[in-house]
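Colleague: I have a few questions about this model. Please keep the answers short.

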Amino acid sequence: MAKVAFLGLGVMGYPMAGHLSARGGHETRVYNRTTAKAEAWVGQFGGGHGRTPAEAADGAEFVFSCVGNDDDLRQVTIGEGGAFSSMAPGSVFVDHTTASAKVARELHAAAAERGIHFLDAPVSGGQAGAENGVLTVMVGGDADAYDRAEPVIRSFARMVGLMGPSGAGQLTKMVNQIAIAGLVQGLSEAIAFAKAADLDVEKVIGVISKGAAQSWQMENRWKTMDAGQFSFGFAVDWMRKDLGIVLDEAKTNGARLPVTALVDQFYADVQALGGNRWDTSSLIARLVPAKTA
Ligand code: NAP
């Protein structure tokens, strides 16, 4: 059992930290910017909480984080009261935020100067994956740090993979988001077309989901998309943040992403409809008016 810390008890971080403690049996100290959440977590799982990231991370062999974006991540690592200031040489920082590959490399270098290891380790699987401890984790960084961290990460993950050097975890998550963006738009257009053609959508999906058009989104989301229900996890605001990161990276590596860029703008339309917190399947609301908000 290891001594661990977890920074950022949001929708994802709260249950992930819970699994480290309850399932992994690790001695877990947490930090959350809004202290009430840290107190609630300690009330539920035991352990302790720090008033700053540095206080929570002090003496931990592994420090995990899951905050919002690049700047939030800088704040909890190298900002005032950041975790790097108290972490011992040889300890490992594992970041689960969806952030840029650039910030991952920057923090990998800043950590190395202090003798600390930094792994970028974004996740997929959403809120349900975090709550059920079955996330997929895509890791970038050094192999020896990965080998040490992997069994601890398994406390809340079903699939963990080292994808390459620092930044490779974030780049893999970008591939994931590119694949999802175009797919959800295609599914939205398919359902909207079926409705316009007066077909029985349930019958259509029942048949085509057994063929080449099948997807997780089709199997799990067609019904709620058809009903205009968009309260199933990953929010449009977060998706736009992720697609912004993707499109920035593509400017550097030269990849051409015409559909991804277009879908990003479609998500801007959904935001204009008031859908900032709707889940990502709400692309269909541009094509078929939503019945619910
Ligand atoms: P969330 O519920 O909004 O939680 C964000 C957490 O980060 C909160 O604990 C928040 O603290 C903390 N935080 C934000 N800015 C901070 C700062 N500057 N300093 C210290 N703490 C800060 O978000 P989430 O849904 O858990 O998502 C977290 C990350 O995982 C994001 O990068 C997201 O893209 C990614 N992700 C999310 C999902 C999903 O389905 N939700 C799926 C895959 C990946 P407070 O409580 O004080 O606000």
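Colleague: Which residues have the most contacts inside the largest nonpolar core?
Modeller: This is a predicted model. Its largest nonpolar core has 32 residues. Those with the most contacts inside that core are Phe6, Phe64 and Ile153.

Colleague: Which element supplies the largest share of this core?
Modeller: Several elements each supply at least two residues, among them β1 (3–7), α1 (13–22), β4 (62–65) and β9 (157–164). The helix α7 (143–153) is also on that list. The largest share is five residues, and the element is α7.

Colleague: What is phenylalanine 6 in contact with, leaving aside its neighbours within four places in sequence?
Modeller: One group of partners is Gly13, Met16, Ala17 and Leu20. Another is Arg29, Val30 and Tyr31. The list is completed by Phe64, Ser65 and Cys66.

Colleague: How many residues are in the second, separate core?
Modeller: This core includes Val184, Ile205, Leu283 and Ile284. It is separate, and its residue count is 22.

Colleague: Is leucine 73 buried or exposed?
Modeller: Leucine 73 lies in helix α4, residues 70–77. Its relative accessibility is 1%. The cut-off for buried is under 20%. Leucine 73 therefore counts as buried.

Colleague: Which residues is leucine 73 in contact with, beyond its neighbours within four places in sequence?
Modeller: Contact here means heavy atoms within 4.5 Å. By that criterion the partners include Ser65, Val67, Phe93, Asp95 and Thr97. The others are Ala99, Val103, Leu107 and Phe118.

Colleague: What separates the C-alpha atoms of leucine 73 and histidine 96?
Modeller: The two residues are 23 residues apart along the chain. In space, their C-alpha atoms are separated by 9.8 Å.

Colleague: Why is the chain as compact as a globular protein of that length?
Modeller: The secondary structure comes to twelve helices and nine strands. For 293 residues the globule rule gives 19 Å. The chain is close to that, so it is as compact as a globular protein of that length, with a radius of gyration of 20 Å.

Colleague: What share of the contacts with a separation of 6 or more comes from residues 24 or more positions apart?
Modeller: Of the 293 residues, 51% count as buried. Among contacts with a separation of 6 or more, residues 24 or more positions apart account for 68%.

Colleague: How far apart are the mean positions of the positive and negative charges?
Modeller: The chain has 26 positive and 31 negative charges. Their mean positions are separated by 4 Å.

Methods: Residues numbered from 1 in each chain as written. Predicted model: local features only at pLDDT ≥ 70, side-chain atom pairs only at ≥ 80, totals over all residues. Heavy atoms only, no water. Helix = DSSP H or I, 4+ residues; strand = E, 2+ residues; numbered from the N terminus. Rg over C-alpha atoms; globule rule 2.2 N^0.38 Å. Buried < 20%, exposed > 50% of the residue type's maximum accessible area, 1.4 Å probe, protein only. Lys, Arg positive; Asp, Glu negative; His and termini not counted. Charge placed at Lys NZ, Arg CZ, Asp CG, Glu CD. Core = buried A, V, L, I, M, F, W, Y, C linked by side-chain atoms within 4.5 Å.
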